[in-house]
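Colleague: I would like a close look at a single part of this model. Please pick one place and take me through it slowly.

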Amino acid sequence: MTDCAPSSTPEDIDIDALRSKYAAERAKRIRPEGSSQYLELKDDFVEFAEVDPYTPVTPREPIDADIEVVVLGGGIAGLLAGAYLKKAGVADVRVIEMGGDFGGVWYWNRFPGIQCDNDAYCYIPMLEELDFIPSKKFADGAEIFAHCQNIGKHFGLYDGAIFSTQVRTACWDEEVKRWQLTTNRGDDLRARFVVMAQGSYNRPKLPGIAGIKDFMDAGGHVFHSARWDYDYTGGDADGGMDKLADKRVALVGTGATGVQLVPHLGRDAKQLYVFQRTPSSVDFRGNEPTDPQWAASLQPGWQAERKRNFHRWSPFEGVVFDAPDMVCDFWTELGRNLTARIGASPDPTALGVEEIMAMREEEDYKIMERLRRRIADIVEDPQTAEALKPYYRFMCKRPTSSDTYLPAFNRPNVTLVDVAESKGVERLTEKGIVAGGVEYEVDCVIFASGFEISTEISRRYAIDVIEGRDGVSLFDHWRDGFATLHGMTSRGFPNQFHTGFIQGGVSANTTAMFEQQAEHIAYIIAEALKREAAVVEPSEEGQNDWVNTIRELAFDNTAFDLSCTPGYYNNEGRGFGEASRSFLGETYSPGFYAFDDLLRDWRAAGDMKGLELRP
């Protein structure tokens with residue numbers, strides 16, 4: 001909303017020494033089991049994922065129905081899929097959602113302090129269409145949840161929505177040309193088209209720590225941050241957890257969720273132990289209310305323009321000479337500083353790619369040093385301050401911002417327990433939690449350990465069976481790598497569509513990706529119906545051409561991935577060379593908006609190239 005200048009960063013840094021430090025910090029944290037270090041939430045642990053603390057499950061009769069389009073998932077990806085289908089004239093759309101309402105990540109995550117952690121004016125979709133302006137730059141979770149509900153109302157998606165229900169099997173029936181779906185509620189559904197819209201953050205994960213059940217059986221309380229237990233803590237999303245006043249609490253995880261939680265837990269709990277494997281980078285937040293004059297000045301098309309601007313200035317591109325930085329925050333700082341550095345060179349047009357990448361690396365090191373010195377200025381205890389310093393490249397771990405997280409460690413009842421040397425918490429006992437050989441007696445353990453993002457897709461989809469033509473399992477079909485057309489359809493799985501990070505364009509603004517995919521999927525389904533096609537799927541040639549395109553254009557980011565401390569951004573430190581089905585494993589490297597242009601041109605041609613439409 002104001003002019004945005006490059007930031008001031010330290011010049012007195014030793015990059016070679018920092019490279020060595022970064023490598024040492026990475027080595028301390030690498031675990032040989034990679035993503036399998038996390039428990040799959042089934043059997044003894046299924047309650048951590050499938051119990052809804054917000055909406056009681058209402059008994060109902062099983063549904064037996066033929067449906068034109070079933071959308072699996074009622075989060076932002078599913079809402080956008082449903083909305084674009086309705087806009088394309090497809091009337092019979094039913095959303096199946098495990099939760100008791102729409103919202104997805106914003107339905108499940110209602111922990112104290114929850115906010116959007118990137119620019120809400122970009123992140124929250126369909127602002128113009130629903131005539132809504134967020135109340136602040138980083139909107140509260142409740143506000144985003146309410147907007148999700150409004151999308152559902154606006155497009156009539158509540159009509160026929162099937163909540164508190166989880167699909168167990170999805171099998172293609174070649175004879176009737178439909179997907180046969182069964183659910184945990186005994187439903188028997190036959191869908192002509194199925195859109196997989198489970199989202200990227202739909203299923204919680206737990207670290208594979210021994211003794212969780214022992215602690216629970218002895219009377220200790222355990223829950224995941226995505227299933228917050230206000231009956232136990234008291235309070236609400238604004239805090240006020242009065243029932244923790246006499247409780248000793250352990251928080252496991254210091255990612256984006258942990259950064260938002262610590263200030264509230266530190267204020268309300270008798271004692272808070274924060275268990276950290278890898279510190280987050282934590283920048284200034286400055287979450288200002290929306291300027292009403294700015295909001296009144298917005299012209300039609302403003303959100304699309306802002307989203308494109310954010311992507312250009314974000315780390316995904318980051319060199320922009322022909323437009324101001326509209327977002328102007330910690331996500332775009334590297335782009336601003338690099339652009340200024342290039343602009344200050346004697347002849348910017350003479351710079352080669354290697355020179356620009358070297359400049360980018362230097363600016364990256366300077367930003368991270370600025371953040372480390374910020375910690376030293378705020379956190380009073382030197383040992384705690386040192387442990388909180390992030391020693392890795394920017395975007396190795398999801399960046400965060402907070403004005404209250406770091407000061408919370410100055411409270412006498414908040415203790416940071418760094419578990420880097422032991423590569424995580426060792427175990428739970430009947431009395432508490434063990435790390436570094438020390439037992440911390442606690443009453444409650446809260447896992448802020450994230451979601452099934454980089455694990456096997458069979459775990460992320462959380463469906464027992466997905467079988468296409470001839471009974472072929474999708475999980476077997478993709479075992480050696482994705483095979484799709486445009487990342488959204490796969491041969492052998494007719495009338496099935498996928499959303500997410502699969503062989504398509506990727507933006508720093510995830511919801512923009514979901515909207516791009518929703519528009520394209522809706523077009524294909526609507527065209528199939530208009531052309532009276534019973535089946536639509538990629539041709540073998542079309543799919544092979546797209547897979548080859550993805551791999552031929554692939555940008556080798558292995559060196560960067562393998563320099564980072566482990567996390568879901570780099571497949572828990574393993575990189576993506578042999579894990580192409582993991583998060584960000586294969587994407588369209590020319591960029592998100594280049595991919596958008598490609599899809600628009602494909603639709604404009606009208607010949608559905610690469611797809612087979614059959615009666």
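Modeller: An axis here is a line fitted to C-alpha atoms, for a helix over the stretch in contact, and angles run from 0 to 180 degrees between N-to-C directions. Helices are DSSP runs of H or I with at least four residues, numbered from the N terminus. The model is predicted: local features need pLDDT of at least 70, side-chain atom pairs count only at 80 or more, and totals for chains, interfaces and linings use all residues. Residues are numbered from 1 along each chain as its sequence is written, and side-chain values use heavy atoms, without hydrogens or water.

Now look at helix 12, residues 333-344. Helix 12 packs against helix 13 at about 130°, and their axes are 9 Å apart. Helix 12 is therefore oblique to helix 13 (not under 35 degrees, over 145, or 65 to 115).

Which residues meet? From helix 12 come Glu 333, Leu 334, Asn 337, Leu 338, Arg 341 and Ile 342. On the helix 13 side, the partners include Ile 356, Met 359, Arg 360, Glu 363, Ile 367 and Arg 370. Contact means heavy atoms within 4.5 Å. The residues of this contact split into 6 nonpolar, 1 polar and 8 charged. Asp, Glu, Lys and Arg count as charged.

Next, find Met 357. Met 357 sits in helix 13, which covers residues 353-378. Met 357 counts as partly exposed because its relative accessibility is 42%, between the limits of 20% and 50% (1.4 Å probe, protein chains only). Its C-alpha atom lies 9.5 Å from that of Leu 338, and the two residues are 19 apart along the chain. Leu 338 is one of the helix 12 residues that meet helix 13.

Note on methods. Helix = DSSP H or I, 4+ residues; strand = E, 2+ residues; numbered from the N terminus.
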